[in-house]
Amino acid sequence: MNIIMMGAQGTGKGTVAGILSEKTGWPQISTGDIFRKNLEEKTELGIEAGKYMNAGNLVPDEITVPMVANRLNEEDAKAGFILDGFPRTIAQAEKLDEILKEKNKKIDMVINLTTPREETIERILTRRVCSNQECKATYNLVMHPPKVEGVCDKCGAELVQRKDDSSRESINKRLEIYDTQTAPLVEYYEKKGVLRTEEVSTKVNRLGNDVADDVLRDIKGE
Ligand code: AMP
């Protein structure tokens, strides 16, 4: 199955995508993670992308779209994939449709996570990620802290705060881009009949793992 995770920063897209990927075997393809890995390894792509990322801006489509197209060509994405962080604009969604059409494929489900804005900002500020790019586990200092402070439960590597999560300015910029450029995708996919909107909030006592459980149950037809 081909799935897209949608939702503003801090809604838990990565958490849901990670659980779904683990349980189905379909790869989680996170454009942000691919960029960060390249940045850490100081590849040409990473250095170029980094110029936009740290300021909270979108990396240009000339870089992003071919990168995703190449990743979707890999063997492990043949049976299904979970896109996390792509597409982020209508133009990217249209490009994705073209890429998939050539392969006789389509998007089967778009999971749109919604969370009250004050809650997402709090979650971004308290988010910590594993510094080991092969692990990438995500924690939250309040809701989902690691067992040992500053250390990843899964692999023992150091937990760090993403550079773009540490400044209010960058967070606001990213949320503004989400509202103006990414949110219109909700209507785009609603018209295609593949949108599934899920509220994720402590207010309704529903978090990413609950959403993932429900989606998995539906995928398996239980
Ligand atoms: P994320 O981890 O999804 O929050 O992405 C981190 C950063 O990577 C974003 O703020 C952008 O600078 C860049 N990025 C990730 N995905 C995309 C995309 N689909 N288009 C353009 N830039 C992206």
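How far is an oxygen atom of the ligand from an N or O atom in the side chain of R162? The distance is 3.0 Å. Keep in mind as you look around that this is a predicted model. Two places are worth a visit here: the surroundings of the ligand and a pair of tyrosines.

**Polar contacts of the ligand**
- The R162 side chain offers an N or O atom 3.0 Å from a ligand oxygen.
- Another arginine, R36, has a side-chain N or O atom 2.9 Å from an oxygen atom of the ligand.
- For T31, the partner is a nitrogen atom of the ligand, which sits 2.8 Å from an N or O atom in the threonine side chain.
- On its own the ligand would expose 490 Å², and the protein buries 96% of that area.

**The shell around the ligand**
- The ligand is surrounded by 16 residues, and the closest are T31, R36, N57, G85 and R88.
- By character, the shell holds 5 nonpolar, 6 polar and 5 charged residues.
- Helix 2, which spans residues 31-40, contributes the most to this shell, with 4 residues.

**The tyrosine pair**
- The model has 1 aromatic pair.
- Its partners are Y188 and Y189, arranged edge-to-face, with ring centres 5.0 Å apart and 85 degrees between the planes.
- The angle puts the pair in the edge-to-face class because that class takes planes over 60 degrees apart.
- Y188 has a relative accessible area of 17%, so this residue counts as buried, the cut-off being under 20%.
- Y189 is buried too, with a relative accessibility of 0%.

Definitions and conventions
Residues numbered from 1 in each chain as written. Predicted model: local features only at pLDDT ≥ 70, side-chain atom pairs only at ≥ 80, totals over all residues. Heavy atoms only, no water. Near = heavy atom within 4 Å. Polar contact = N/O pair within 3.5 Å; in protein donor to acceptor, adjacent residues only side chain to side chain. Areas by Shrake-Rupley, 256 points an atom, 1.4 Å probe, with all protein chains shown as cover. Helix = DSSP H or I, 4+ residues; strand = E, 2+ residues; numbered from the N terminus. Nonpolar A, V, L, I, M, F, W, Y, C, P; charged D, E, K, R; others polar. Phe/Tyr/Trp six-rings, centres within 6.5 Å; stacked < 30°, edge-to-face > 60°. Buried < 20%, exposed > 50% of the residue type's maximum accessible area, 1.4 Å probe, protein only.
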